[in-house]
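Thanks for letting me take a few minutes today. Please look at the sequence and the model on the screen, and I will walk you through a few places in turn.

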Amino acid sequence: AFLFVLSLAAPALAFEVGDKRVTMGANLTAEQRALVFRDFGISEGDVPELTITNADERVYLNGLVPDSKIGSVALSCIYIEILGENAGLDITTHNINWATVDMYRNAFHTAGITNAKIIVSAPFPVSGTAALTGAYKAYEDITGKQLADLAKAVGVEELIVTGELAAFIGTEEAAALINELKKILDQTQNMTDDEVRAEIKNIADAYTITLTTSQLEQVLSLCRKLEKLNVDEIKKLAESLVTAQKATTALSNFAQGVKNFFASIGDFFARLFGKKD
């Protein structure tokens, strides 16, 4: 197996490709747990399990989302498996009705989670905001590496801000706006707030997005927090996401072209041999 070695001040930590964890909400019933494990494609006991409580979820969500949205129980669950170097993030969701795959991917990258297969699941539809806490806990347990507290907090805030924007301007547009902003963090670091606002507006205009004053200030605040992280790494990941999205779009367009081609052949022969009235 491929072996990762982390060089730290403490003794070297090692983990292998294929290492797995699940985090399960503390308040799930036996029947609900069975549904989640079915989504994960494994049986209970196959993978080391960690428990997530509502208190765990509140650590990063308090102050960012309404208390009613956090609730008093923990239901979101995570399956995470370490992938090889440069594999990126392979994310799927089940019963998540607010957070999208792109929103998760961006937030995970910000927090420092890379090269992993992640499945987010709940026994019934939930927003999915609390799932990041489980992913953080599982990733740290596998790797033995503590993710930076600031990076984790900013990752959650990024998810919330992107989700709130998505409700007004569209999911893809919101994710693209934040991703484009990440690509110029090395420049915004040296700009005034007004100059950053102008850059955000320029990005929004390029995507034909109109932001309210409140939304503009939300994005500005997120930008300033992102600047306190590893800007070079965030920029690199943002650029790789754009490349991956372009490749996915090209592949999708090619597949659709092939489908249309064979459909046209089928129509041709149907007309050629079809019975006439």
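There are 0 disulfides in this structure, a disulfide being a pair of cysteine sulfur atoms within 2.5 Å. Two of the cysteines, Cys77 and Cys223, are buried, each with a relative accessible area of 0%; buried means under 20%, exposed over 50% and partly exposed in between, with a 1.4 Å probe and protein chains only.

Before going on, please keep in mind that this is a predicted model, in which local features need pLDDT of at least 70 and side-chain atom pairs count only at pLDDT 80 or more, while totals for chains, interfaces and linings use all residues. Residues are numbered from 1 along each chain as its sequence is written, and side-chain values use heavy atoms, with hydrogens and water left out.

Now to Gly128, which sits in the loop between strand E7 (116–126) and H5; helices (H or I, at least four residues) and strands (E, at least two) are DSSP runs numbered from the N terminus. Gly128 is buried, at 1% relative accessibility. Apart from its neighbours within four places in sequence, Gly128 is in contact, meaning heavy atoms within 4.5 Å, with Ser76, Ile96, Ala99, Tyr104 and Leu159. Between Gly128 and Tyr104, which are 24 residues apart along the chain, the C-alpha atoms are separated by 9.3 Å.

Finally, where do H5 and H6 meet? Leu132, Tyr136 and Glu140 in H5 are in contact with Lys152, Gly155, Val156 and Leu159 in H6.
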